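Here is a friendly walk through a protein model, for a reader who would like to find their way around it. Have the structure open as you read.

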Amino acid sequence: MSFYQSPKKISAYEAKFEAQKIAFAPVSFQVARCLSQFGLLLQIDKAGEQGIHLEQLTQLNDLSEYAIHVLLDMGLSMGLLWCKDEHYHLDKTGHFLLHDDMASKNLNFIHDVCYQGLFELEASLKNGKAEGLKHLGDWETIYPGLSQLPEQVKKSWFEFDHYYSDHAFESLLPLIFRSNPKHIVDVGGNTGKWAFACTSYNDSVNVTIMDLPGQLNVAMKNAKLHNVSDRVHPLETDLLDSNKPFYQQADLYWMSQFLDCFSKAQIVTILKRASAAMRLDSELCILETYWDRQPYEAGAYCVNATSLYFTAIANGNSRMYHSKDMLKMISEAGLYVDEDVDNIGLGHTLLRCKKKPN
Ligand SMILES: C[S@@+](CC[C@H](N)C(=O)[O-])C[C@H]1O[C@@H](n2cnc3c(N)ncnc32)[C@H](O)[C@@H]1O
């Protein structure tokens, strides 16, 4: 990781411009979303080399000329568009905003799940509580409410979550099945995507999904659809309550994009419970995105930005961690890292852990 270790090489003029971009960031975010939502980016893209005039765009849309014009002007200032002889063209950033599916998943997640709640960031930081969550529902954390979120919010949450894990899962299967696990426990297994990836990759493996009831109901309905109800099993629990069950003596425990849902103290408790449940030859596989392990600065930016979703919306006390913090917590829980693999999927790291012999 080489970014952030020296001052940015930009002029004072550029830095001052960057500061103004931050000051107006919610404006540019909403403009980008509207240009995309109203189909204007697509229409400009389709116009090709000759570009498209404001009048033509007005004819194509139900919006007023005024509405389209303010969006286009700001689109120029944001570098999404360029304009010559009154004809608008898509610039490179506009191209990626329109065609890059990561940008669209991130944008929908920020708009639908986070935008309103982020207004409460200051209070969330002061109170150590996700004060923005009330915009979505009345729960202690977002997790018991996931299956009850308004449809559009739910869609954007799951698409964001699945986008990152889906990209990692395929390349992970051969790595995980190298140790020939017969029984995998997917801790925080959500709607069962990893369980079904495992059962279709290996025709004898059993998978137990440990999760909250809302997610488990969906997972078990999905298990039926995948015809694997006999090999995918539910274990309803709440990992924040040490009196609730934790599956014992599995061959392999799987925690994907899961530990980032908890504070450091909660992670150590969960890892200690995992360690106590493990045999000496069991494995615990932790899949996470750490900002310091990102191969590109864009990845570190997205990972660090995601932390603030946890602060203001999800639970008020968790984050995307630095890998050194996670390694410390793993050791504190009586585990050691047997294998450490970076650059899986979209910047994921796999830590294969074993129990320290007493
Ligand atoms: C970010 S999702 C990750 C889902 C999946 N493992 C993946 O890689 O896409 C976190 C999961 O942890 C579960 N979870 C969060 N808090 C929990 C708790 N206190 N007890 C049990 N599961 C919890 C959530 O319900 C959710 O399914």
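## A tour of the two sheets

A good place to start is H53, whose bridge partner in strand 3 is H87. Please keep in mind throughout that this model is predicted.

That pair of histidines belongs to strand 1 and strand 3 (residues 87-90), which pair in the antiparallel sense over two bridges. Strands of a sheet pair through backbone hydrogen bonds, either parallel or antiparallel. Here the open sheet has three strands in the order 1-3-2, with antiparallel pairing. Strand 1 (52-53) and strand 2 (81-84) are at the edges; each has a single partner strand, so one side of each is left without a neighbour in the sheet. Helix 5 (residues 65-77) packs on this sheet and touches strand 2 and strand 3. The direction of helix 5 makes about 105 degrees with that of strand 2.

Now for the other sheet. It is open too, with seven strands in the order 6-5-4-7-8-10-9 and mixed pairing. Its edge strands are strand 6 (232-236) and strand 9 (335-344), each of which pairs on one side only. From one strand to the next, the twist averages 20 degrees. Within this sheet, strand 7 (residues 252-256) and strand 8 (residues 283-288) run parallel and are joined by five bridges. One residue to look for is Y253, whose bridge partner in strand 8 is L284.

On the level of the whole protein, there are two domains: domain 1 (12-99) and domain 2 (107-355). Their centres, taken over C-alpha atoms, are separated by 37 Å.

Two loop residues have a positive phi although neither is a glycine. The table sets them side by side.

| Residue | Phi | Loop |
|---|---|---|
| N180 | about 55 degrees | between helix 9 (151-177) and strand 4 (183-187) |
| Q257 | near 45 degrees | between strand 7 and helix 12 (264-277) |

Is N180 buried or exposed? N180 counts as exposed, because it has 10 C-beta neighbours inside 10 Å, and the exposed class takes in residues with 12 or fewer. Q257, in contrast, is buried, since 20 other C-beta atoms lie within 10 Å.

Finally, the ligand. Which residues come nearest to it? Of the 18 residues around the ligand, these are S165, G188, N190, L239 and S256. By class, the shell around the ligand has seven nonpolar, eight polar and three charged residues.

Note on methods:
Residues numbered from 1 in each chain as written. Predicted model: local features only at pLDDT ≥ 70, side-chain atom pairs only at ≥ 80, totals over all residues. Near = placed C-beta within 6 Å. Nonpolar A, V, L, I, M, F, W, Y, C, P; charged D, E, K, R; others polar. Domains from an automatic or database assignment. Pairing = 2+ DSSP bridges. Helix = DSSP H or I, 4+ residues; strand = E, 2+ residues; numbered from the N terminus. Axes fitted to C-alpha atoms, helices over the stretch in contact; angles between N-to-C directions. Contact = placed C-beta atoms within 7 Å.
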